[in-house]
Amino acid sequence: MRRSIIILLATLMAVVLPASSMAATRTAKSSLSGTVTFWNTYSPDEKAALEQKVIPAFEAKYPNIHINNLTLPYDGTFTKLITSIAGGIGPDVVRSDIIWVPQLANINGLEPLDKYSWFPSLRKAVFSGPLRTTFYHGHYYGLPLDTNTRVMFYSKSMFQAAGISRAPATTTEMLADCAKIKALGSGKYCYSEGGFGAWSIMPWVWSFGGNLTNKTFSKATGYLNGKGTLAAVNFLLGMYHKGYLSPNILGGGIGTWDGFGKNYAMILDGPWTVPFLFKNQYPSSDYGISLVPKGPGGSRSVVGGEDIVMLKGSRNKPATAAFMQFMLSKQAQTMMGKVGQMPVLNALAHSSAFPAYYPIFQQQLKTAKPRTPSPEWSKIDDTFTSQLSTVFHGNASVKDALNSAARTVDGLLH
Amino acid sequence: MRSQSLKPVARAAAFTPPRAGILQRMRKYAPIYLFLLPGTAIFLLWTIYPLVDAFVMSFYHWNLNGPSTYIGLANYQQALADPIFIQAMKNVVLYALISVPGQLIFGLAAALLLDSAVRFRAFFRTLFYLPVVTSWVVVSLLFTYLYNSQAGAINYILYDVLHVIPGYIFWLGDENVALPAIAFMNIWKGIGWTAVIFLAGLQTIPADVYEAAKVDGAGRIQRFRAITIPLLAPTFMFLVVMLVIGAFNTFIQVFIMTQGGPNHSTETVLTYMYTNAFANVDFGYGAAISYLFTLLMFVISMAEIRILRRRSQY
């Protein structure tokens with residue numbers, strides 16, 4: 001008798017407890033309601049995936065929450081964002097360039113996420129490198145949403161015409177290949193770079209063993225004007241003088257995408273290049289992808305990507321938190337991953353659901369480095385850009401320009 | 001006598017209930033004030049309030065989203081010691097020195113042409129004015145293509161067709177060329193407007209003055225020097241003031257074509273102010289730059305008006 005009572009109680013518990021917990025979850029979900037405004041700078045393909053797949057899936061899970069999506073062009077979004085924060089009419093959640101996060105946190109515009117109970121589990125679930133881009137003054141102000149880096153895209157037809165059989169693995173091999181490409185005639189360049197910004201130049205600086213600052217991002221002297229940085233700038237300057245590097249680096253020439261395959265044999269770019277450029281604009285273009293050529297400091301590139309951040313002025317933080325968590329779910333990361341947004345979840349690192357070109361980017365990311373996380377980043381980048389421009393215009397020596405840049409950046413870091 | 005005659009009026013006024021006077025005046029002027037109210041309110045809210053707010057902001061280390069710190073004149077001191085701000089000031093002066101005389105000379109030439117009995121006058125008027133009504137954004141993008149150092153039409157014509165330059169010029173990538181290149185674009189865009197203003201000025205000159213000069217034996221050039229130029233002096237004054245203000249306020253074309261580069265060689269005061277306020281999120285500094293600039297503009301405009309007034313005593 002006693003035994004049968006115990007079995008009956010156990011059966012009742014087995015049935016009732018999960019049901020009650022499910023009911024509790026359902027109540028918690030249904031208690032979340034209202035509108036969440038989401039700002040992002042997705043490309044048309046990515047926007048379509050977000051609006052047609054991700055948001056409907058979220059709204060099916062949380063029927064009382066409506067996502068108000070606003071996809072903006074990248075240029076001008078930061079301005080729009082800070083203006084809206086100042087006016088108290090900002091969105092609830094933003095897909096922010098990783099470089100904006102320290103600036104937004106510095107103006108007290110972001111909600112620190114490490115105070116929320118759901119944060120630790122997500123912190124463990126994402127790649128540690130991209131997570132570091134959300135850390136500022138002792139707090140995590142966001143979560144990585146997607147990651148990327150730059151790798152080498154090369155034109156197979158130009159390589160073939162120049163008699164080159166494979167992509168250069170080292171900077172020395174690259175110089176030898178460049179000589180062959182130059183021989184193709186005027187208007188043909190081995191390599192094209194869009195400008196002198198850190199995003200463009202730092203892969204070369206790091207690959208030559210140089211750096212912008214020390215590891216704690218507190219000092220530039222000895223790094224920005226160090227031996228490795230000097231060697232990298234001299235490498236690029238030498239390429240420019242020999243006619244290997246296209247003059248469009250100065251500005252006002254044929255863009256890297258416009259000239260790829262016709263004028264330029266090699267460019268560095270991110271994963272969006274494949275769906276956006278090669279599939280939409282140049283479907284017939286033949287291209288190959290390889291790692292950044294290895295220099296004395298290895299094959300290094302720059303960490304890019306976006307973080308998802310909650311604004312301090314969000315009017316619906318519980319619903320916003322639910323949306324952020326959903327954007328970092330396997331489901332949403334897979335949906336966005338298929339259209340070029342490289343996922344940040346450890347669990348999806350080796351997933352076969354993603355495009356075939358992802359592994360090369362993932363391999364490059366292992367040695368890629370972040371830019372300086374500082375609210376003064378735009379000034380640091382401008383200093384770097386201006387000094388390199390001076391060098392390429394022949395108005396200063398590489399050494400003098402980098403010494404001057406290091407002194408200025410030291411002042412900005414303190 | 002006068003005081004006596006005024007007495008009854010004063011007495012009458014003393015007996016008039018004051019409220020009736022106010023009501024009467026209100027009834028009389030109310031429609032006028034009501035008409036003025038919307039415009040005044042908009043002006044106060046969207047012009048005066050931001051001006052005052054920016055002035056206050058310029059004395060603070062402005063925090064967008066929290067308490068700001070009062071720093072006195074530090075933003076102004078920083079600007080006066082900032083080499084990029086000084087460079088931007090020099091740039092706008094150089095820009096004005098190229099674009100203002102260019103627009104005046106070509107604008108006057110176009111106006112004289114359009115004022116003469118040329119055939120298809122209406123067509124030419126439209127042609128000259130077309131760039132004026134075209135948006136700066138469109139013109140800037142168009143010239144970015146024309147100035148392309150590797151595939152632009154200008155290099156193609158000058159180097160490949162006419163062989164008048166030794167090699168391709170980096171119009172927007174060369175520190176020494178970029179600013180004049182943008183200023184030349186401004187001349188092209190501004191000719192139509194200056195021509196229209198000159199045309200209006202030319203049509204105010206009485207024809208009998210020219211006829212009298214002709215009777216006295218004055219040739220075309222003499223008539224132009226002794227009549228046209230002096231009588232156009234007020235038009236010149238207006239144009240110089242307006243064009244200098246316009247040149248100093250250059251923003252859109254630089255923002256689109258070079259973003260102030262290369263190496264700040266095309267940086268204007270407004271692009272630098274914008275960068276500081278909206279990219280560096282330093283609104284206090286941006287506001288201080290704008291006030292220093294306003295002061296400079298005020299001084300230059302006053303000087304221009306004084307100098308040109310002294311010379312236009314006709």
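## Chain A: overall build

The secondary structure of chain A comprises 17 helices and eleven strands. The model is predicted. Along the principal axes, the C-alpha trace of chain A spans about 95 × 45 × 40 Å.

Of the 414 residues in chain A, 55% count as buried. Long-range pairing is well represented. Take the contacts of chain A between residues at least 6 apart in sequence: 75% of them join residues at least 24 apart.

## Chain A: two domains

Chain A is divided into two domains, each made of two segments. Domain 1 takes in 33-148 and 304-365. Domain 2 takes in 151-301 and 376-413.

The centres of these two domains of chain A, taken over C-alpha atoms, are 29 Å apart. The domains also touch. On the domain 1 side of chain A, 14 residues are in contact with 20 residues of domain 2 of chain A.

## Chain A: packing around H14

Helix H14 of chain A covers residues 330-337. Its buried residues are Ala332(A), Gln333(A), Thr334(A), Met336(A) and Gly337(A).

These buried residues of H14(A) pack against four elements of chain A. Three are helices: H2 (44-61), H13 (317-327) and H15 (358-365). The other is strand S6 (143-149).

## Chain A: surface and charge

Chain A exposes about 17500 Å². Carbon and sulfur atoms supply 56% of that area.

Chain A carries 38 positive and 23 negative charges. The mean positions of the two sets are 9 Å apart.

## Chain B: overall build

Chain B has 14 helices and two strands. Its radius of gyration is 27 Å, well over the 20 Å that the globule rule gives for 314 residues, so chain B is more spread out than a compact globule. The C-alpha atoms of chain B fill a box of roughly 95 × 75 × 35 Å along the principal axes.

In chain B, 37% of the 314 residues count as buried. For contacts in chain B with a separation of 6 or more, residues 24 or more positions apart account for 67%.

## Chain B: two domains

The domain assignment of chain B gives domain 1 (2-42) and domain 2 (77-311). Taken over C-alpha atoms, 51 Å separate the centres of domain 1 and domain 2 of chain B.

## Chain B: surface and charge

The accessible surface of chain B comes to about 18700 Å². Of this, 70% belongs to carbon and sulfur atoms.

Chain B has 20 positive and 12 negative side chains. The centres of the two sets lie 24 Å apart.

Key
Residues numbered from 1 in each chain as written. Chains lettered and ligands numbered in written order. Predicted model: local features only at pLDDT ≥ 70, side-chain atom pairs only at ≥ 80, totals over all residues. Heavy atoms only, no water. Domains from an automatic or database assignment. Rg over C-alpha atoms; globule rule 2.2 N^0.38 Å. Buried < 20%, exposed > 50% of the residue type's maximum accessible area, 1.4 Å probe, protein only. Contact = heavy atoms within 4.5 Å. Areas by Shrake-Rupley, 256 points an atom, 1.4 Å probe, with all protein chains shown as cover. Lys, Arg positive; Asp, Glu negative; His and termini not counted. Charge placed at Lys NZ, Arg CZ, Asp CG, Glu CD.
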